[in-house]
Amino acid sequence: MAQPASIFDIVDEDAKRRAIEEARASVAAGDVVDHDVVVAWLERLLAGKKVPPPLPPRQT
């Protein structure tokens, strides 16, 4: 007897396409955080500091 599909086996192609389009639009609009800024933030978290995540420059 075949196992029923799990929620991880089901791919909603329309939702996936919309998510990709939204991500591309965000990048095109400049809603990105520089890699070095994210690395510095992660290092502060690893050091035990509670700091908010960095925001893209146009959201600060």
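Me: How many salt bridges does a search of the whole structure find?
Reply: This is a predicted model, in which local features need pLDDT of at least 70 and side-chain atom pairs count only at pLDDT 80 or more, while totals for chains, interfaces and linings use all residues. Residues are numbered from 1 along each chain as its sequence is written, and side-chain values use heavy atoms, with hydrogens and water left out. A salt bridge here is a side-chain nitrogen of Lys or Arg within 4 Å of a carboxyl oxygen of Asp or Glu. Searched on that criterion, the whole structure gives a number of salt bridges equal to two.

Me: How far apart are the closest N and O atoms in the salt bridge of Asp14 with Arg17?
Reply: Asp14 and Arg17 both belong to helix H1, residues 13-28, and lie three residues apart, about one turn of the helix (helices, H or I of at least four residues, and strands, E of at least two, are DSSP runs numbered from the N terminus). An α-helix has 3.6 residues a turn, so residues three or four places apart point the same way. For Asp14 and Arg17, the closest N and O atoms are separated by 3.9 Å.

Me: Which residue meets Arg17 in a salt bridge of 3.3 Å, N to O?
Reply: Side chains of opposite charge can pair when their charged atoms come close. The partner sits four residues from Arg17 in helix H1, and about one helical turn therefore separates the two. At 3.3 Å, N to O, the side chain that meets Arg17 is that of Glu21.

Me: Which residues do salt bridges that share partners join into one network?
Reply: Arg17 bridges to Asp14, and the side chain of Arg17 also meets that of Glu21. Through these shared partners, the residues joined into one network are Asp14, Arg17 and Glu21.

Me: What is the relative accessible area of Arg17?
Reply: Buried means under 20% relative accessible area, exposed over 50%, and partly exposed in between (1.4 Å probe, protein chains only). Asp14, at 45% relative accessibility, counts as partly exposed, and Glu21 is likewise partly exposed at 45%. Arg17 is also in the partly exposed class, its relative accessible area being 41%.

Me: How far apart are the end C-alpha atoms of H1?
Reply: The expected span of a helix is 1.5 Å times one less than its number of residues. For the 16 residues of H1 this rule gives 22 Å, and the separation of the end C-alpha atoms agrees with it, at 22 Å.

Me: Which residue caps the N-terminal end of H1?
Reply: At the other end of the helix, H1 is followed by Gly30, whose phi is positive, near 90 degrees. At the N-terminal end, a side-chain oxygen lies 3.2 Å from the backbone nitrogen of Asp14, and this oxygen belongs to the capping residue, Asp12.

Me: Which residue caps the N-terminal end of H2?
Reply: Helix H2 covers residues 35-46, and its end C-alpha atoms are 16 Å apart, in agreement with the expected span for twelve residues. Just after H2, Gly48 takes a positive phi of about 90 degrees. The cap at the N-terminal end places a side-chain oxygen 3.1 Å from the backbone nitrogen of Asp36, and the residue that supplies this oxygen is Asp34.

Me: What separates the C-alpha atoms of Leu42 and Pro54?
Reply: Leu42 is found in helix H2, and at a relative accessible area of 39% Leu42 is partly exposed. Pro54 lies twelve residues from Leu42 along the chain, and their C-alpha atoms are separated by 9.9 Å.

Me: What radius of gyration does the protein have?
Reply: The radius of gyration is taken over C-alpha atoms, and the globule rule is 2.2 Å times the number of residues to the power 0.38. The protein contains two helices and zero strands, and 3% of its 60 residues count as buried. Its C-alpha atoms fill a box of roughly 50 × 30 × 15 Å along the principal axes. A compact globule of 60 residues would come near 10 Å, but the protein has a radius of gyration of 18 Å.

Conventions: Polar contact = N/O pair within 3.5 Å; in protein donor to acceptor, adjacent residues only side chain to side chain.
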